[in-house]
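Trainee: I should like to learn how to read a structural model. Could we proceed feature by feature?

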Amino acid sequence: MNVPSTVTRAEAARLLAFFEQAGAQRVDCGILQPAEVLLDLYGEDIRGRAYVTQDPSRGEQMLRPDFTVPVVQMHMTGGAEPARYTYAGEVFRRQEDHPERENEYIQVGYEVFDRVDPDAADAEVFALFHTALAPLGLHPATGDIGILMAAVEGLDTSARRRAALMRHIWRPRRFRALLDRFAGRSPVPASRAALLRAEDALADAGPMIGLRSVAEISARIEALREDAQDRPLSEAQVAALDAVLAVRETCPFALERLRDIAVDLPAISGALDRFARRIDALDKRGVDIEHLDFEASYGRTSMEYYDGFVFGFYAAGRPDLPPVATGGRYDALTRRLGNGAEIPAVGGVIRAGLIEILGGGQ
Amino acid sequence: MTVKLGVPSKGRLMEKTFDWFGERGVTLSRTGSEREYSGKVDGVEDVQLVLLSAGEIPRELAAGRLHLGVTGTDLVREKLVQWDQQVEEMAALGFGFADLIVAVPSCWVDVDCLDDLDAVASAFRAEHGHRLRIATKYHRLVRDYLRAGGVADYQLVDSQGATEGTVKNLTAEAIADITSTGETLRANHLKILGDGPILRSQATLFRSRKAQKSVAERAALKQLLDRLGL
């Protein structure tokens, strides 16, 4: 049941041709990828989601869980600019929690590396996917991680606290716990209070074992003491951040609502200007923006490195199915993989097999 | 045509399992030489005793090669995906207690909970250029637990034994392992995080949901469970 059918393969070929028609260069990459790069990017979680295998001479190898990372690597080592790429092929995902879901399926992707007008590039990718998937009558969802990041960056609190929140934007529960702590909503644990009071916190530490040095332990205690002196994040700021996270409207109303919130959180204004330009660019490409949903929290729980525009296409009435297509902007990923270089980048993937399930194949 | 009952093949776990069944009128015993893994069942008909490693019992239950088996809840949950669809817990046996915990060096006076561990992992990665290593053999349980707890910037390193020694030997910064009294942890200058254990485990009698049963086996199983008061 894992082998993609001829209908699915034909659908993938059709999408590939469609993206080539749109100006993309066709690329391919190896099924086996060095695990190190992916582990470094995604952390331990990827082991639960991807197949890792051992090679005595090459080290750990991973069956590619997606094409985006190898395509970014390929582009960053000598791709001409601007560039548009398309690809089609199997990706492999372990499904520990959902054994009924496919662990091998075909993704067709389209990725844009272009410095000139990132907001227009966002609209270009979304509009292409919208056209390619139009016959299926899917429900599109959109969001913008960049607005959340700007909101966190703009909080009136220490750089350390902002960095801690930024690190956990993609982990909503931890993010919420940090926010509560910084706002003084959660009580200081007794052990923490004792540590902060102690004359010599390391007096009863016992023998020093492990790689983490006394200097590192002392530095953190110092940082905790400084943090305890910081005034709590104001209720108004937390409320403004919560208001951002709660925005769920069609695009024009979402923008209007966010502009209202920006009165209390002016740091998001730049990100909102980009949102506004993106809406215009989508409109110019014929997307019905009056009815396009926008959700500020959308994309927060995905493991991808999206840091701007995010989107997905869902089959209405089929909550059992994963999204038919997903995508977004990943500028930071190009920086991580670029050895000092970076370029604005946006793209997405379509699961060709779901199109067949939804009766859309040839 | 017999019901297959899997029991740990060695040590206290085996002896206590024999005792538990014995108290309910089902006598389990080893046969042959001290080194031979065979046994017999007295007190009920058509039940065969299969002695094997506690670590293999979950797999054998899931494969349907055992009808019943005694092993730790930690092993079932680590080794079986969607364990509750593959086996049913029939009885907690009241011994073999062990908690799966996360422990860090006692000298980490600034670390008491997952929140701290996450903050330290972030600083550790920046300082040392690699993720904070946690030694364990319970990869799935620990990964799920740390993901739910929102911990980032760590990596699991496999340790199949003497896990408490890995921190001192500089092959890990922290560990996740089972402990009953915590004595080995203390002896190795480690302390348990205060968030409560990942899992409280004890020896448990499981029934396979996968094993096929003939009419005779069904009857034998019912007779055995009746005798055990289950």
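Mentor: We shall take the overall form of one chain, and then two helices.

Mentor: This is a predicted model, in which local features need pLDDT of at least 70 and side-chain atom pairs count only at pLDDT 80 or more, while totals for chains, interfaces and linings use all residues. Residues are numbered from 1 along each chain as its sequence is written, and chains are lettered from A and ligands numbered from 1 in the order in which they are written.

Trainee: Into which domains is chain A divided?

Mentor: Domain bounds come from an automatic or database domain assignment. In chain A, domain 1 comprises 1-138 + 315-362, domain 2 comprises 139-158 + 234-314, and domain 3 comprises 159-233. Between the C-alpha centres of domain 1 and domain 3 of chain A there are 38 Å.

Trainee: How does the radius of gyration of chain A relate to that of a compact globule?

Mentor: The radius is taken over C-alpha atoms, and the globule rule is 2.2 Å times the number of residues to the power 0.38. For 362 residues the rule gives a value near 21 Å, and the 23 Å of chain A agrees. Along the principal axes, its C-alpha atoms fill a box of roughly 75 × 60 × 40 Å.

Trainee: What span should helix H13 of chain A have?

Mentor: Helices are DSSP runs (H or I, at least four residues), as are strands (E, at least two), numbered from the N terminus. The expected span is 1.5 Å times one less than the number of residues. For the 16 residues of H13(A), residues 269-284, this gives 22 Å, which agrees with the 23 Å between the end C-alpha atoms.

Trainee: Which residues of H13(A) are buried, and which are exposed?

Mentor: A residue is buried if 20 or more other C-beta atoms lie within 10 Å of its own, exposed if 12 or fewer, and partly exposed in between, with C-beta atoms placed from the backbone. The buried residues of H13(A) are A:Ala271, A:Phe275, A:Arg278, A:Ile279, A:Ala281 and A:Leu282. They cover an arc of only 165 degrees around the axis (taken from the directions from the helix axis to the C-beta atoms), which puts them on the same side of H13(A). On the other side, A:Asp273 and A:Lys284 are exposed.

Trainee: What follows helix H5 of chain B?

Mentor: H5(B), residues 114-128, reaches 20 Å from its first C-alpha to its last, close to the 21 Å expected. B:Gly129 follows, with a positive phi near 75 degrees.
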